[in-house]
Amino acid sequence: MRKTYLVTGGAGFIGSNFIHYLLKKYQDILVVNVDKLTYAGNLENLSEVMNDKRHFFVQADICDQQAIEKLFIEHKIDYVVNFAAESHVDRSITDPDVFVRTNVMGTLNLLNIAKTHWKTGDDTYRKGVKFQQVSTDEVYGSLGLEGFFTETTPLDPHSPYSASKASADLFVKAYYDTYKFPMNITRCSNNYGPYQFPEKLIPLMINNCLNKKSLPVYGDGLQVRDWLYVEDHCKAIDLVLRNGRIGEVYNVGGHNERTNIFVVKSIIDYVSKQVDSTVSEKLIKHVTDRKGHDRRYGIDPTKIKEELGWEPETTFEEGIKLTIQWYLEHKEWMDHITSGSYQHYYEQMYGNR
Ligand code: NAD
Ligand code: TYD
């Protein structure tokens, strides 16, 4: 049966990777891609599929009731995969309001419209439909040296970003609890790979290394993130969408914990050996720590592994090489994205260095 996906935020990092993944894996699908094209949205991420008849792009805001409703009227949407979000913690610290608007109100708008259009009776919905909320492990807060986040770890967000994602998760869950609305939530660890905007740690460090700019490491650099290659995340979302039990949360991550300083040094090592031998650890600059900085994230993926057979396939060592190579082969992508407002953002964050 042909499935129609409404993918929100499909011009961003993970959303565009997910669309590429879907179009490669499935022949008979339609992807309606709705994205507001904020600073983080980039149609260049989709240049290979813009002429593919199975992909249809609409520039719109997920908070816009009329625009989203129109898509449900014009297409028989089976799946909503909600990637659209303000996604950067540092921006949420300086400007929290837009995070609440998009991440919370936008999700609520999508839930209301999907519920109305999918409803067939009291708490019943058209067969085969599902709403998937793409969430983050950051909703669980921060870990100490030991232990991992499971799906039952209490939510304890610390940044305005993670607070807005936790709020959205709670609305999605409440729609299941109250209306039996068919949903899943996936909570994934830090992603990296092609098309990631260079405000996030890995592409920022790659870009700065290639331009011999200083590498701003927050605080002592010993914070830990559980890194997942983006394609592994896309596989998990696809599996949960197709086979996940309705109403369930699935954590996604794969025991790829690394300190930030290790990640930065790995990038320096690769670039100095493969690209430019003058790049060295001298570029590292420890800068003022992020406010409320979460120390450690780590996912326990037992549930998704046991129920759906998902496991990460790309190790950090392989993934970081693939990622650096991708950025080396797509210098024009980086040049386009770092011109204009990015330059202004970067100078505000780190000064002109
Ligand atoms: P991103 O910032 O690269 O992309 C977000 C996309 O959403 C952009 O294309 C942007 O234009 C679009 N968007 C923003 N506001 C919108 C609005 N009001 N209406 C329509 N479109 C809008 O983010 P990403 O890293 O690709 O993350 C995608 C999702 O995955 C987010 O929900 C994020 O919370 C979640 N997530 C990200 C990570 C990660 O490591 N990047 C990890 C776990 C979960
Ligand atoms: P980031 O990529 O912003 O993801 P998140 O905050 O969602 O985990 O940051 C990853 C880690 O890297 C986080 O601990 C903050 C740190 N970091 C730096 O040390 N320097 C930087 O320039 C950036 C952007 C992040």
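Buried means under 20% relative accessible area, exposed means over 50%, and partly exposed is the range in between. The views below come from a predicted model.

**View 1. Lysine 180, a partly exposed loop residue with a positive phi.** Lysine 180 sits in the loop between H5 and strand E8 (183-188). Its relative accessibility is 43%, so it counts as partly exposed. Its phi is positive, about 60°, although the residue is not a glycine. Most residues other than glycine have a negative phi.

**View 2. Tyrosine 195, a buried loop residue with a positive phi.** The loop between strand E9 (191-192) and H6 holds tyrosine 195. Tyrosine 195 is not a glycine, yet its phi is positive at about 70°. With a relative accessible area of 10%, tyrosine 195 is buried because that value is under 20%.

**View 3. Ligand 1 and its shell of 28 residues.** The closest residues to ligand 1 are Ile14, Asp35, Ser87, Tyr161 and Lys165. Polar contacts are made with both backbone and side-chain atoms. A nitrogen atom of ligand 1 lies 2.9 Å from a backbone N or O atom of isoleucine 62. A polar backbone atom of phenylalanine 83 is 3.0 Å from an oxygen atom of ligand 1, and an N or O atom in the side chain of lysine 165 is 2.7 Å from an oxygen atom of the ligand. Ligand 1 taken alone exposes 840 Å², of which the protein buries 97%. H1, strand E7 (130-136) and helix H5 (160-179) each supply at least two residues of this shell; E7 gives the most, with three residues. By class, the shell has 13 nonpolar, 11 polar and four charged residues.

**View 4. Ligand 2 and its shell of 19 residues.** Glu138, Pro216, Arg225, Arg290 and His293 are the closest residues to ligand 2. Three side chains are shown with their distances to oxygen atoms of the ligand. For glutamate 138, an N or O atom of the side chain is 2.5 Å from an oxygen atom of ligand 2. For asparagine 190, the distance from a polar side-chain atom to an oxygen atom of ligand 2 is 2.9 Å, and for arginine 290 it is 2.5 Å. On its own, ligand 2 has 510 Å² of accessible area, and the protein covers 97% of it. Helix H6 (201-210) and strand E10 (215-218) are the elements that give two or more residues to the shell. Nine nonpolar, five polar and five charged residues make up the shell by class.

**View 5. Strand E10 and its parallel partner E15.** E10 pairs with strand E15 (residues 284-287) in the parallel sense over four bridges. Proline 216, one of the closest residues to ligand 2, has lysine 285 of E15 as its bridge partner. Leu215 and Val217 point one way from E10, whereas Pro216 and Tyr218 point the other way. In a regular strand the side chains alternate between the two faces of the sheet. Leu215, Pro216, Val217 and Tyr218 are all buried.

**View 6. Leucine 22, a buried residue in helix H1.** Leucine 22 lies in helix H1 (residues 13-25). Its relative accessible area is 0%, so leucine 22 is buried. Beyond its neighbours within four places in sequence, leucine 22 is in contact with Tyr5, Ile29, Val31 and Asp238. Asparagine 260 is 238 residues from leucine 22 along the chain, and the C-alpha atoms of the two are separated by 31 Å.

Conventions. Residues are numbered from 1 along each chain as its sequence is written. Chains are lettered from A and ligands numbered from 1 in the order in which they are written. This is a predicted model: local features need pLDDT of at least 70, side-chain atom pairs count only at pLDDT 80 or more; totals for chains, interfaces and linings use all residues. Side-chain values use heavy atoms; hydrogens and water are left out. Buried means under 20% relative accessible area, exposed over 50%, partly exposed in between (1.4 Å probe, protein chains only). Contact means heavy atoms within 4.5 Å. A residue is near a molecule or strand if one of its heavy atoms lies within 4 Å of it. A polar contact is a pair of N or O atoms within 3.5 Å; within protein, one must be able to donate a hydrogen and the other to accept it, and residues adjacent in sequence count only if both atoms are side-chain atoms. Accessible areas come from the Shrake-Rupley method with a 1.4 Å probe; for residues, only the protein chains shown count as cover. Ala, Val, Leu, Ile, Met, Phe, Trp, Tyr, Cys and Pro count as nonpolar, Asp, Glu, Lys and Arg as charged, and the others, Gly among them, as polar. Two strands pair if DSSP finds at least two bridges between them.
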